[in-house]
Amino acid sequence: MSHVSRELEVVVERALDALIRQLENMRWGKTDKPRRSRGTKPGEPGRAARREVYERDGAQCGFVSESGVRCTATAFLQYDHIEATGIGGGDGSSNGRIYCRGHNLNAAKKTFGREYVEEKIGLRQRRRSDTEDTTDAEDTEAREKQDKLLLALTTQGFKKAEAKRATEKLAGEARTLSREELLRRALALLVPR
């Protein structure tokens, strides 16, 4: 990035743009060059179906109230099956829609019942808390900072090996430094002055 700018704001903005593109690709299959599907597990829509539904619904919750008002949520969106796969619905884009978390939860409660859904949510939360109890929260946060730093550096064009070396050199400081300061120090290691 030194050939583009030495200003941290420009580097961070580009890193965030690249991260957003990567997350949209992972979650919704959004890409400029789609590839042919290698197949999916039953109950999981393929990337092409996710991409088609995401674009068709305009990256916005597709719930429409009885009075005809569409939900305006554009955050915490989830892929939802119109007819749940548990009761015979397919994985194609014609059986998919984008719902915000709240409307997706309400649809699941209507389909499977409130008790069943709450039981499944409780089970997932217990599993999550059991794994969190076994690891130190500070170590987890430091590892997440390192992972995000490595991702930011590689999406900005640094080779993975050199980005990993810089990240490992800063591992001891990951607990105390902010993400921005970690990125600044990593760039100082990678970009000769």
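Leaving out neighbours within four places in sequence, Asn95 is in contact with Asp80, His81, Ile82, Glu83, Gly89 and Gly90. That makes a good doorway into this predicted model. Asn95 sits in the loop that runs between strand E1 (77-81) and strand E2 (96-100). One of its partners deserves a second look: the side chain of Asn95 reaches the backbone oxygen of Gly90 at 2.7 Å. Is Asn95 buried or exposed? Its relative accessible area is 10%, and because buried means under 20%, Asn95 counts as buried.

## The chain as a whole

Let us step back for a moment. The secondary structure comes to seven helices and two strands. Read from the N terminus, the elements follow the order α-α-β-β-α-α-α-α-α. Of the 193 residues in the chain, 30% count as buried. The chain exposes about 13500 Å², and carbon and sulfur atoms supply 49% of that area. Among the contacts with a separation of 6 or more, 52% are accounted for by residues 24 or more positions apart.

A pair that is distant in sequence can be found around helix H2. Arg51 belongs to this helix, which covers residues 47-56. The C-alpha atoms of Arg51 and Ser93 are separated by 8.7 Å, although the two residues are 42 apart along the chain. Arg51 is also a buried residue, with a relative accessible area of 14%.

## Two nonpolar cores

Which residues have the most contacts inside the largest nonpolar core? They are Leu149, Leu153, Phe158, Leu182, Leu183 and Leu187, in a core of 18 residues. Four helices give two or more residues to this core: H1 (8-28), H5 (137-155), H6 (160-169) and H7 (179-190). The largest share comes from H7, which provides five residues.

Leu187 lets us look at this core from a single side chain. Neighbours within four places in sequence aside, Leu187 is in contact with Leu8, Val11, Leu153 and Phe158. Two of these partners, Leu153 and Phe158, are themselves listed with those that have the most contacts inside the core.

Apart from this core lies another one, made of 12 residues, with Trp28, Val53, Tyr54 and Ile98 among them.

## Salt bridges in the helices

A search of the whole structure finds seven salt bridges. Three of them are set out here.

| Salt bridge | Closest N to O |
|---|---|
| Glu118 and Arg114 | 3.2 Å |
| Glu181 and Arg184 | 2.6 Å |
| Glu181 and Arg185 | 3.1 Å |

Take the pair in helix H4 to begin with. Glu118 and Arg114 both lie in this helix (residues 114-134), four residues apart, which is about one turn of the helix. Glu118 is partly exposed, with a relative accessible area of 38%. Arg114 is partly exposed as well, at 46%.

Helix H7 brings us to Glu181, which pairs with Arg184 and also with Arg185. Glu181 and Arg184 are three residues apart in H7, about one turn of the helix. Why can Glu181 and Arg185 be about one helical turn from each other? Glu181 and Arg185 are separated by about one helical turn because they are four residues apart in helix H7. Arg184 is partly exposed, with a relative accessible area of 41%, and Arg185 counts as partly exposed at 34% relative accessibility. Salt bridges with shared partners join Glu173, Glu181, Arg184 and Arg185 into one network. Helix H7 thus appears twice in this account: H7 gives five residues to the largest nonpolar core, and H7 also holds Glu181 and Arg184.

## A nonpolar patch on the surface

Our last stop is on the outside. Which residues form a nonpolar patch on the surface? Ile87, Phe112 and Tyr116 do, and together they have about 300 Å² of accessible area. Phe112 has its place in helix H3, which covers residues 101-112. With a relative accessible area of 37%, Phe112 is partly exposed. Patch residues need over 30% relative accessible area, so Phe112, at 37%, passes that cut-off.

How values were computed:
Residues numbered from 1 in each chain as written. Predicted model: local features only at pLDDT ≥ 70, side-chain atom pairs only at ≥ 80, totals over all residues. Heavy atoms only, no water. Patch = residues over 30% accessible without salt bridge, like charges linked within 9 Å, V, L, I, M, F, W, Y side chains within 5 Å. Areas by Shrake-Rupley, 256 points an atom, 1.4 Å probe, with all protein chains shown as cover. Salt bridge = Lys/Arg side-chain N within 4 Å of Asp/Glu carboxyl O. Buried < 20%, exposed > 50% of the residue type's maximum accessible area, 1.4 Å probe, protein only. Core = buried A, V, L, I, M, F, W, Y, C linked by side-chain atoms within 4.5 Å. Contact = heavy atoms within 4.5 Å. Polar contact = N/O pair within 3.5 Å; in protein donor to acceptor, adjacent residues only side chain to side chain.
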